[in-house]
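Reader: Would you please show me the structure, so that I may ask how its terms are justified?

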Amino acid sequence: MQRRGAGLGWPRRQQQQPPPPAVGPRAAAMAPPSGGVPPGLGGRAACALLLFCYLNVMPSLGRQTSLTTSVTPKAEQSMAYKDFIYFTVVEGNVRNVSEVSVEYLCSQPCVVNLEAVVSSEFRSSIPVYKKRWKNEKHLHTSRTQIVHVRFPSIMVYRDDYFIRHSISVSAVILRAWITHRYSGGDLNVKWEDNLLHAVAKNYTLLKTVPPFERPFKDHQVCLEWNMDYIWNLRANKIPQCPLESGHLHIQMHLVKGEDLAVKTKFTMPLKEWFRLDLSFNGGQIVVATSLGQDLKSYHNQTISFREDFYYNDTAGYFIIGGSRYVTGIEGFFGPLKYYRLHTLHPAQILNPLLEKQLADRIKLYYERCAEVQEIVSVYMSTVQQGGGRPEACDLRNSYLDLKLRYGRPSTCRAFPWEQELKDRHPSLFQTLVEMGLLTVPRNQNESVLEVGGRIFEKAVKRLSSVDGLHQISSVVPFLMDSSCCGYHKASYYLAVFYETGLSVPQDQLQGMLYSLVGGQGSERLSSMNLGYKHYQGVDNYPLDWELSYAYYSNIATKTPLDQHTLQGDQAYVETIRLKDEETLKVQTKEDGDVFMWLKHEATRGNAAAQQRLAQMLFWGQQGVAKNPEAAIEWYAKGALETEDPALIYDYAIVLFKGQGVKKNRRLALELMKKAASKGLHQAVNGLGWYYHKFKKNYAKAAKYWLKAEEMGNPDASYNLGVLHLDGIFPGIPERNQTLAGEYFHKAAQGGHIEGTLWCSLYYITGNLETFPRDPEKAVVWAKHVAEKNGYLGHVIRKGLNAYLEGSWHEALLYYVLAAETGIEVSQTNLAHICEERPDLAKRYLSVNCVWRYYNFSVFQIGAPSFAYLKMGDLYYYGHQNQSQDLELSVQMYAQAALDGDSQGFFNLALLIEEGAIIPHHILDFLEIDPTIHSTNISILQELYERCWSQSSEESFSPCSLAWLYLHLRLIWGAVLHSALIYFLGTFLLSVLIAWTVQYFQSVSAGGSRPTPARASSDPTAPTTSPAVTPAADASAQDQPTVTNNTEP
């Protein structure tokens, strides 16, 4: 874990992402590079219902560790020290000689101590390096000391002819502390006692390197050529265990406070289903394993300690599958049973594997993949031995020289494969041949992964053709081989194809298999798919918020790191709806009219154009590909030529971080101060970051952050939380997690990514009183961050570009891939595409596209009102296999109305006109008091009035006309029931009779016969009809129509 640091925002984005749902107003989304955000539960993917697992255990005390701590001994609490110590490791990995820069300040004559402590699977806390020095003269002044920490060769290099037994290191802690010479600290004091008197201390974790990934040591020793030759033949071979893998490592906290660890004598089986039973009782551990579905006994072991374990299940939290400190296993978990207050014998516990078919398919998958990987390994080995890469043959000795000079040349290179094997993997063999001999990677793992990538690229190229969806069935074997090679983007494609039946027979079990495999490989979209399906409990995935959080948090922690990585297939996640014509019009490319116009204006010195152009290029927005180098040029031009504070701030950040340009801290600070003087809150926060990181002046940093927070900057809120969490807030010497949590929550409300991650962690654990345990809320917050991932943005952008270009096959493909991750905007866009091209959806998708994805979207937080209106229509009319459901239709229309959509009010009113009854809970939902509006007429009046008030049309709208017609009917009804109508009717009838009599008398007196009028034979002759259909007729003719009026 890296040090948790205060955040400095990156260059701002034009389209800001909304904060987590229901937590606050939208604010600028900043992304400070904090590597210390906990990875959350289940760092590696794990699946429910797959592995027999039983635990009989009391959870131990959960502890958090601060990475920067100010310590004051009890005897000296009255003295206010300003001492600090901080160090930077140039290389994050363990090296033979690691350069460490130690920066410290002593308020009294002091001793500075630096120590490296190592833990392995057999022993813990082994000191491997120690150094201390005095500082008696340079007091109250920040000092920097460069120390070269030397680690033993056995933990840095691989085994070779001289290093026979290198050790596998699990953790390396580099710690430093300061002691005052007159308060118990001296060069003659023991290290353990010296640490007790520390007035300031700090530590960091160094990344360990697995033994077979380490380099070989150059011993500067010449071996005989035959020994050298034999060693080089064995050097790059990694031992493979055919059945067994690693041991089970158990670490316990004892009653007296000591931490002990133990590992089993037996090893866990590799690629085999097994049941694990753990029982903790007093100071004894019983471990039992059973193999296969028949639970055949595998190994048993009893481990006893001389002291009881410390049981406390009221502190901390219980985790299965990895935590923020311990990486999860590379495997699959099945159902778990946990007995808290008593232990049972394994034979007394029934814990069957429910998904036996899925378990069998996973086993078959790995058997097939073992065959694929063996083919790749044999091919690469044969190519290398055949001299495919001359640069790899650097060994020179007399025997080989003679063989090459006088031996028979190799005439052919035969591969030991039968035709049946070639027929099973045609794509694999074709790719191997096309790779050529000069592109063979250096080791086996790189070889297999590169082959998988090549196969995937070929498959995607075929899928991107004009009739790409028609090619899916022929591409599936390619994707299977690519998945087996460890390229898990292919695994996600297969998962989506099988789950949705996209041009292949729908197979939910097979889709779940590939989704789990992709999640096991930490593939972003696969993990999000698993998180979403467990969050909603759809597609036969069990509803499990804790498991959903594990998947989402894994990707959420990668998201800020991905955003700061300029390489890879990434794009900014933009909320662009295909129904929004105005937004679609401004999408562009580097040669598009919008981009060229912005470039023209930016060249002329338009600050707004320079800023927008730089943002588009830096983040890859609005259809423009990422180009940080070009973006920095516009940032520099705008900052140096204009007085725009935003451009000045953005360029200052680039100079501070040295991304795409040489670092220039002096100029960056000058620009940051200039932007802050113009009132830009991001720049005020940036000054605080500067004094925190470079000057270690926490008082001044806090001063700027408090000011920036008052101005509404979420980064400042997060940074203040970091100060409280690390216990270095000026005037408050102790850690305050509660106050830190409040600041993190405030930052999260402003859209801050790391703040949101901390809040999700607090909600899943419930360790703070201000954050009661709420797994559903933890999932929502982690999902919110994960859906900003750039790899998901790349898929969405490809779908949008294909839609704009009229490539319907490609658009449907990529929107299906994005929609299955659970992001709402892609779900509604996919449903819209299926409405536009129902023929395409019906031909290639086995699922009911419109129903499925509109239905998915309305269960999302922040779904658009037109999705609720569409689902209301589908429930009202019925859709394909879905029957009519007026109650659900009313709920959908009511939700649209509550979101401020006038069409929702109008449709509810029409339902009442047709005789439907609105339930009281819906009226309460709409805040319509049934006691005041007790009749349908009263409810109609209220609905039409709200409809009219919500309508955005300036002229007469359907809402206003309906409201007018309703009141005319009420007036007419009132008139018909009045006594005056009888008098008026009698009077008019008398007048009509008198006029008729007089008319006939005048005709008779004239002696002429009137000619009868002929009926018109013209069928197109106009006829009069009422302007509005009466209610009685409307019930038989009109239906609530919202499909053509989706936007208010």
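Reader: In this predicted model, what makes cysteine 106 and cysteine 110 a disulfide?

Author: A pair of cysteine sulfur atoms counts as a disulfide when the two lie within 2.5 Å. For cysteine 106 and cysteine 110 the S to S distance is 2.0 Å, so the pair meets the definition.

Reader: Why is this disulfide of cysteine 106 and cysteine 110 called right-handed or left-handed?

Author: The torsion about its S-S bond is about 75°, so the disulfide of cysteine 106 and cysteine 110 is right-handed. By contrast, the link of cysteine 369 and cysteine 484 has -65° about the S-S bond and is left-handed. That pair links distant parts of the chain, with cysteine 369 in helix H3 and cysteine 484 in helix H8, 115 residues apart.

Reader: How do you know whether cysteine 369 is buried or exposed?

Author: Buried means under 20% relative accessible area. Cysteine 369 has 3% relative accessibility and therefore counts as buried. Cysteine 484, with a relative accessible area of 3%, is buried as well.

Reader: What do you conclude about cysteine 834 and cysteine 849?

Author: Their sulfur atoms are 1.9 Å apart, and a disulfide joins them. Cysteine 834 lies in helix H27 and cysteine 849 in helix H29, so the pair ties together parts that are 15 residues apart in sequence.

Reader: Why is cysteine 485 in no disulfide?

Author: The nearest cysteine sulfur, that of cysteine 484, is 7.0 Å away, whereas a disulfide requires the sulfur atoms to be within 2.5 Å.

Conventions: Residues are numbered from 1 along each chain as its sequence is written. This is a predicted model: local features need pLDDT of at least 70, side-chain atom pairs count only at pLDDT 80 or more; totals for chains, interfaces and linings use all residues. Side-chain values use heavy atoms; hydrogens and water are left out. Helices (H or I, at least four residues) and strands (E, at least two) are DSSP runs, numbered from the N terminus. Buried means under 20% relative accessible area, exposed over 50%, partly exposed in between (1.4 Å probe, protein chains only).
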